[in-house]
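Grab a pencil and have a go at the short exercises below. Each one comes with a solution worked through in steps.

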Amino acid sequence: MKCRVCRGQAVIDIRRHNAAFCREHFFEHVQSQVKRSIKTFGMLAPDDKILVAVSGGKDSLALWDILLSLDYKADGLYIGLGIGEYSNFSQEKAEVFATSRGAHLHVVNMKDSYGYDIPQGAVSARRAPCGTCGLSKRYVMNQQACKAGYEVIATGHNLDDEVATLFGNVLHWNLDALSRQRPVLPTEHGFVKKIKPLVRLGEREMAAYCVLRGIDYIVEECPMSEGNTGIRYKEALNEIENASPGTKHQFFFGFLDRGLDHFSEQAGVSAPELKSCSNCGASTTGEICAFCRLRQMATDPERVTVGSPSFRPRRRH
Ligand code: Q46
Ligand code: ZN
Ligand code: ZN
């Protein structure tokens, strides 16, 4: 297996590109894919202050590393979810990485700052852990970014993540989610701009990037991910990709080119009016936003505000 660029010994092959790369040219490949996403989707201006959502996993640490190596001003945010040893280990990985790069990492502990952790929130709200977790993380990320003056939030969603989400949204014809499944969500209604610079890179490439760059990340799956449908979709999609390399890329980028506008137009016509949450001021379709309602259920179930038309937020992915 020879590197496509220099014909030296390759360390990785990427079947959907029909190419293999040596260590040096693999790094170049990864950087060029990220630069291409940033340019194509207008993700970043050179001086943007970026907050990278860091979980301690391969994708978010790789993303932080790539943005720093491209000379962006990128700090990290680690959210302590309170998921036992898993959270302790993942926080450690994020902290070790930050120290090794001389980068700044904000740490917010859900229990200390918001009065509940994810296992407790999921039980109190009678919601799936990942739903509770996703809602909490989105809110906290946005709140922290606003508070500290960051212009952009960057998350480590890779091509595999996006394809699995798209697949699930299509299976359930979740039109609202389809209308918002884009690599950039602009600043609007009090939400900070959100970007996904890894959309052109797969899970396997991100793992290889971390190993080759000496980035120590948490390999174990979150113990609360059991039953997560996204994992089943990924398994099914991997089988299809193995048989026909490039299918995932075609599915996702084909959707962005040919499907997204259709769903966005539809959603624009039927979008509900947004108000301010009576508790925290965040944009919401009900009286009280989904996060505040979750927090009330988790910390003070006796006083849960009733009458919110919908517990499901009109969320940004
Ligand atoms: S951390 Fe949270 Fe993931 Fe664990 S509870 Fe689910 S969403 S699986 S990225
Ligand atoms: Zn090479
Ligand atoms: Zn609120």
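**Exercise 1.** Work out what spacing the donors of the zinc ion (ligand 3) follow along the chain, and which geometry they make.

*Solution.* Keep in mind that you're looking at a predicted model.
- Start by finding the donors: they're the SG atoms of Cys277, Cys280, Cys289 and Cys292, lying 2.2 to 2.4 Å from the zinc ion (ligand 3).
- Now read along the chain, and the spacing comes out as C-x2-C-x8-C-x2-C.
- Next, check the angles: the four donor atoms subtend 105 to 113° around the zinc ion (ligand 3), so the arrangement is tetrahedral.

**Exercise 2.** Decide whether cysteine 289 and cysteine 292 are buried or exposed, and say how many disulfides a search of the whole structure finds.

*Solution.*
- The cut-off for buried is under 20% relative accessible area.
- Cysteine 289 has a relative accessible area of 4%, so it's buried.
- Cysteine 292 counts as buried because its relative accessibility is 4%.
- As for disulfides, searching the whole structure turns up zero.

**Exercise 3.** Find which residues of helix α5 are buried, and what they pack against.

*Solution.*
- Helix α5 covers residues 118-125, and its buried residues are Ile118, Gly121, Ala122 and Ala125.
- Look down the axis of α5: these buried residues fall within an arc of 100°, so they line one face of the helix.
- That fits a general rule: an α-helix has 3.6 residues a turn, so residues three or four places apart point the same way.
- The buried residues of α5 pack against α6 (129-148) and α13 (290-299).

**Exercise 4.** Say what caps the N-terminal end of α5, and which residue just after α5 takes a positive phi.

*Solution.*
- The cap is aspartate 117, with a side-chain oxygen 3.0 Å from the backbone nitrogen of glutamine 120.
- Just after α5, arginine 126 has a positive phi of about 50°.

Terms used:
Residues are numbered from 1 along each chain as its sequence is written. Chains are lettered from A and ligands numbered from 1 in the order in which they are written. This is a predicted model: local features need pLDDT of at least 70, side-chain atom pairs count only at pLDDT 80 or more; totals for chains, interfaces and linings use all residues. Side-chain values use heavy atoms; hydrogens and water are left out. Buried means under 20% relative accessible area, exposed over 50%, partly exposed in between (1.4 Å probe, protein chains only). Helices (H or I, at least four residues) and strands (E, at least two) are DSSP runs, numbered from the N terminus. The arc is that of the directions from the helix axis to the C-beta atoms. Contact means heavy atoms within 4.5 Å. A polar contact is a pair of N or O atoms within 3.5 Å; within protein, one must be able to donate a hydrogen and the other to accept it, and residues adjacent in sequence count only if both atoms are side-chain atoms. Donors are N, O and S atoms within 2.8 Å of the metal (3.2 Å for Na, K and Ca); water is not among the atoms, so sites may look incomplete. Four donors count as tetrahedral if all angles lie between 85 and 135 degrees; four count as square planar and six as octahedral if opposite donors are over 155 degrees apart and all others between 65 and 115; anything else is irregular. A disulfide is a pair of cysteine sulfur atoms within 2.5 Å.
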